[in-house]
Amino acid sequence: MKNNLALIRKILNGVYLKTQIDEIHADISYLNELIDSTEYQGIMNPVSGVIKKQTIYLNKALGGIKCDKLKTHLLTQLKRGALEDFKSAEIRPFLKSLQLELTQYQAVKIQVAVEFKPSDLRDMIQILERQSPQPVVFDLTVDPSLIGGAVIQYGNHVIDQSLKTRMNQFKENWQASVKE
Amino acid sequence: MRDILFFAIGASIVGTIFLVSIIELIFTIRRRKIMAELNTKMVEMKEQYGQTITSITETEKELEKKEAKKIKDLRTKLDEEKTAFEKEYEEKLKDITTKNLRSVNSAKALASRMKKEAELEAGEYLAKRKKEVEQELMNLVISVSKKVLPEGISYDAQKELVKRALEEIQEKK
């Protein structure tokens, strides 16, 4: 596949959650296993008159991919008839580059009180990416008991800016002043 | 014959009279003798009786004296004992009175101390209860706030809170 890096970045554009990264890792593992299978090796061996069989086989196999963007790209290539891209020699480097690109992402653990829209989560990620050399994804947990705010673990830094913690601190300060 | 008879009768009568007179005389003498003896005995007995009476009287008198002395001694002893008892009674009474006074005074002091302690405890209890009430009030406020706040905070406000937290961690980095 040509322009691997540009293609990979296009596939990864808009990824903002660690679960999405994990999903793509799983898809890469799935595709690698598929390519290593004897069935795949047998079907993808270039023999005339087998193109239809290859197309049908690949159509079915690509259905097992979870990441929509990756699946869409591969299905588009298949529709174009670019069967060469599915040979081991072509697809393996692509998958390897994709995997390497995934390792660049930095996961930031964040606990929030409500479900946010994907667009808002992407805006929040951009705040972190302003000064970060690496792309960032959220390892997101929704915990309504936080009431509001967030608990964030970014590298070695942890901050608890949840309303629950602030109210507990307020309560402790009050108790301390009452005891006095 | 008549004369002899009359002489015999007369002689017998005389003789009888004479005999009787002799006998009477004898008996009279004897009676007098006996009477004298009796009188003597009577006198002796009277004397003895008198002596006896005298000795009895003296013995009685001595006994009376002894008894009177005994009684006097007993009275004296009783009086002494009475005085001693009265003295002991007064001392004990005084002692008890003093002890009672001390007990009363110490009871008063104890009551006063207990009153002060009770006042102090009441004050402490009040302060403690006040703190507990304030604590409970705070817990209530916090729990109500925790229940009410999530609904009171809008989506945009939630978004803003998270963004502020992200800005803060960005600054720390």
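Start by selecting A:Q111 in this predicted model. Directly opposite A:Q111 you will find A:V151, a residue of β3(A). Now widen the selection to both strands, β1 (residues 106-112) and β3 (residues 150-154) of chain A: four bridges join them, and they run antiparallel.

**Along β1(A)**

Stay on β1(A) and show its side chains. Which of them are buried? A:Q106, A:V108, A:I110 and A:V112 are, and they point to one face of the strand. A:A107, A:K109 and A:Q111 point to the other face and are not buried.

Next, pick A:K109 and look for its bridge partner in β2(A), which is A:D139. Seven bridges join β1(A) to β2(A), and this pair runs parallel. To follow the chain from β1(A) to β2(A), trace it through α7(A); this β-α-β crossover is right-handed.

**The whole sheet**

Select the four strands of chain A together. They form an open sheet with the order β2-β1-β3-β4 and mixed pairing. Why do β2 (136-142) and β4 (157-160) of chain A each have one side without a neighbour in the sheet? Both stand at the edges with a single partner strand each, so one side is left free of a sheet neighbour. Turn the view to see the twist, which averages 15° from one strand to the next.

**Two helices across the strands**

Add helix α7 (residues 118-129) of chain A. This helix lies across β1, β2 and β3 of chain A, and its direction makes an angle of about 130° with β2(A).

Then bring in a helix from the other chain: α2 (residues 155-172) of chain B. Helix α2 of chain B lies across β1, β2, β3 and β4 of chain A, running at about 30° to β3(A).

**Where the chains meet**

Now colour chain A and chain B separately and look at the contact. How many residues does each chain bring? Chain A gives 34 residues and chain B gives 25. The size of an interface is often stated as the accessible area lost when the parts come together. Here chain B and chain A bury about 3,000 Å² between them, and 70% of that is on carbon and sulfur atoms.

Two salt bridges are found across the interface of chain B and chain A. For the last stop, select A:R130 and B:E167, whose side chains meet in a salt bridge at 3.5 Å, N to O.

Technical notes: Residues numbered from 1 in each chain as written. Chains lettered and ligands numbered in written order. Predicted model: local features only at pLDDT ≥ 70, side-chain atom pairs only at ≥ 80, totals over all residues. Heavy atoms only, no water. Pairing = 2+ DSSP bridges. Axes fitted to C-alpha atoms, helices over the stretch in contact; angles between N-to-C directions. Contact = heavy atoms within 4.5 Å. Buried < 20%, exposed > 50% of the residue type's maximum accessible area, 1.4 Å probe, protein only. Right-handed = clockwise from strand over helix to strand, strands pointing away. Buried area = accessible area lost by both parts, 1.4 Å probe. Salt bridge = Lys/Arg side-chain N within 4 Å of Asp/Glu carboxyl O.
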